[in-house]
Structures are given as structure tokens and as C-alpha cells.
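This report covers side-chain contacts. Have the sequence and the model at hand while reading.

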Amino acid sequence: MSKSIEAMWKQGFVSEGELSAPKVNDLYNRKSQNIVDKLQNMFAVNIKAIVIGALVMLLVMSVIGAPWLGVYICALLTPLVLIARKELTKSHNLSKGQSSLEYLESFDAWLKNSIGTYSKYYRFFYPLFYIGMVTQGLVSNAGTKVMVVLLKYYPTEYVFLAVPGYIWVVITLLFLLIVRYSEALYRLDLDIIYGRQFKKLDELITDMRALKTQQ
């Protein structure tokens, strides 16, 4: 917290631990609501971005001759949008009839639970997305031509569905890596987009708890 808040903190609290200085109370309330509002707005924008991205992907894939891949990707993103909307509604339904600290703690608990829910889905999303992209790549005209060239210059007796065995080995290894690190990929993506705001939320909760224990 800023030095001004720490200075006002020294004016004291009531016996139950509530802030006695109205100015401090107001600062906490505004700062708490601001971080929550900002995160909720970011979540809402992200939902819209996923919907728009799915539609754009469908259009692009149709234009380049891979409409079924576009449909497949939209099908994978639909549960994600439904989960996101449900989780966002839960955050808006959190009780605000409590202190700023308690409200932030409730929001933080919801956030961690929500991330856990997303993580479970992304364990399936990334591998399935990979399978869709690889399948499209192999059945496309360009993919077929590449396989023909590979078999010409790097022949092998192990061929399945016109694809060299060593390519299947590479595809399988990449698939296993994605399965193994799918949750890590999600966490990385999450940190890139929301990391800064999550850090501010943690710092605010930590500071408020620390100040409360100093009564």
C-alpha cells in the first residue's frame, strides 16, 4: 500500500479490527473494487475475443479449403466460452455485503477455483487442437506432396496411411509433450494475459492482511 494509507492506518481501528478512519475505508473500497472490476472486464473481453476468433477461424479455414477444421476448432472453443460465461457470472454473484478484505478473499478464492476449472478443460483442448491441426496438415494437398517428397529422398519400409514411420514418431512425441505440458501451456498463457493484474490482487490482499494484524 502507499505511504499515505500506512500513515492513516496509524490512526487506529475499532476493537473488532474494522478500519476506523473513513478515508482509509474508502481507499480500500475503491482500490478493491477497481481491481475486481478490471479483472471482470478483462474476462468479459476475453470471452468476446474467443467468439470472434472462432468465427474468423471458421471463415479463414473455409476460404483456404479446410472448412471442417474451422468447424472442429469452433466445436472445441464452444465449451470454453460456456465455461467462461458461467465462471464470470459466479464472480458477479459474490456477496459484496462484507468488508473489502473479505470480498477480495472471496474473489481470490473464486479465481483460484475458476483457474482450476479451466485447467481441467485445457488438458483436453490443447491435445485435441493439435490432433485437428496435424490431421488437416496430413490430408491436405500440400501435406500429401511433402510426404511424397520425404518418401522419395528418405525412403522407409514403415509407412502408414502414406505417411513415413519417422513422421509418425515425431507427431507422437509432440503429442505426448503437449499432453504432458497442456496445463503448463495454459498457465503460461494465463500469466501473459492476466499476470500483472493477478500480482496486484495478491499484493493488495497481502497488504490489507498485514495492516489488519498491526492493530
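## A salt bridge in helix α3

Which residue forms a salt bridge with K90? The partner is E87, with the closest N and O atoms 3.4 Å apart. The model is predicted, and this applies to every contact below.

Both residues sit in helix α3, which spans residues 67-92. They are three residues apart, so about one helical turn separates them. Their surroundings can be compared through accessibility. K90 has 36% relative accessibility and counts as partly exposed. E87 is buried, because its relative accessible area is 3% and the cut-off for buried is under 20%.

## A network around E183

The salt bridges in the model number four. Side chains of opposite charge can pair when their charged atoms come close.

One of the salt bridges joins E183 and R123, at 3.1 Å from N to O. This pair links distant parts of the chain. E183 lies in helix α6 (residues 165-213), and R123 lies in helix α4. The two are 60 residues apart.

E183 also meets R187 in a salt bridge, at 3.5 Å from N to O. Here both residues belong to helix α6. They are four residues apart, about one turn of the helix. Shared partners thus join R123, E183 and R187 into one network.

How accessible are the members? E183 is partly exposed, with a relative accessible area of 25%. R123 is partly exposed at 43% relative accessibility. R187 is partly exposed too, with a relative accessible area of 39%.

## Aromatic pairs

How many aromatic pairs does the model hold? The count is 14. Among them is the pair of F107 and W110. Their ring centres are 5.2 Å apart, and the planes meet at 45°. That angle makes the pair tilted, because tilted covers planes that are neither under 30 degrees apart nor over 60.

F107 and W110 are three residues apart in helix α4, which runs over residues 100-139. About one helical turn therefore separates them. Are they buried or exposed? F107 is buried, at 0% relative accessibility. W110 is buried as well, with a relative accessible area of 8%.

## A cluster and a charge over a ring

Seven aromatic residues form one cluster: Y118, Y121, Y122, F125, Y126, F129 and Y186.

Another ring contact involves a charged residue. Which residue lies over the face of Y181? It is R180, at 5.0 Å from the ring centre.

How values were computed:
Residues are numbered from 1 along each chain as its sequence is written. This is a predicted model: local features need pLDDT of at least 70, side-chain atom pairs count only at pLDDT 80 or more; totals for chains, interfaces and linings use all residues. Side-chain values use heavy atoms; hydrogens and water are left out. Rings of Phe, Tyr and Trp (its six-membered ring) pair if their centres lie within 6.5 Å; planes under 30 degrees apart count as stacked, over 60 as edge-to-face and the rest as tilted. Buried means under 20% relative accessible area, exposed over 50%, partly exposed in between (1.4 Å probe, protein chains only). A charge sits over a ring if NZ of Lys or CZ of Arg is within 6 Å of the ring centre and within 35 degrees of the ring normal. A salt bridge is a side-chain nitrogen of Lys or Arg within 4 Å of a carboxyl oxygen of Asp or Glu.
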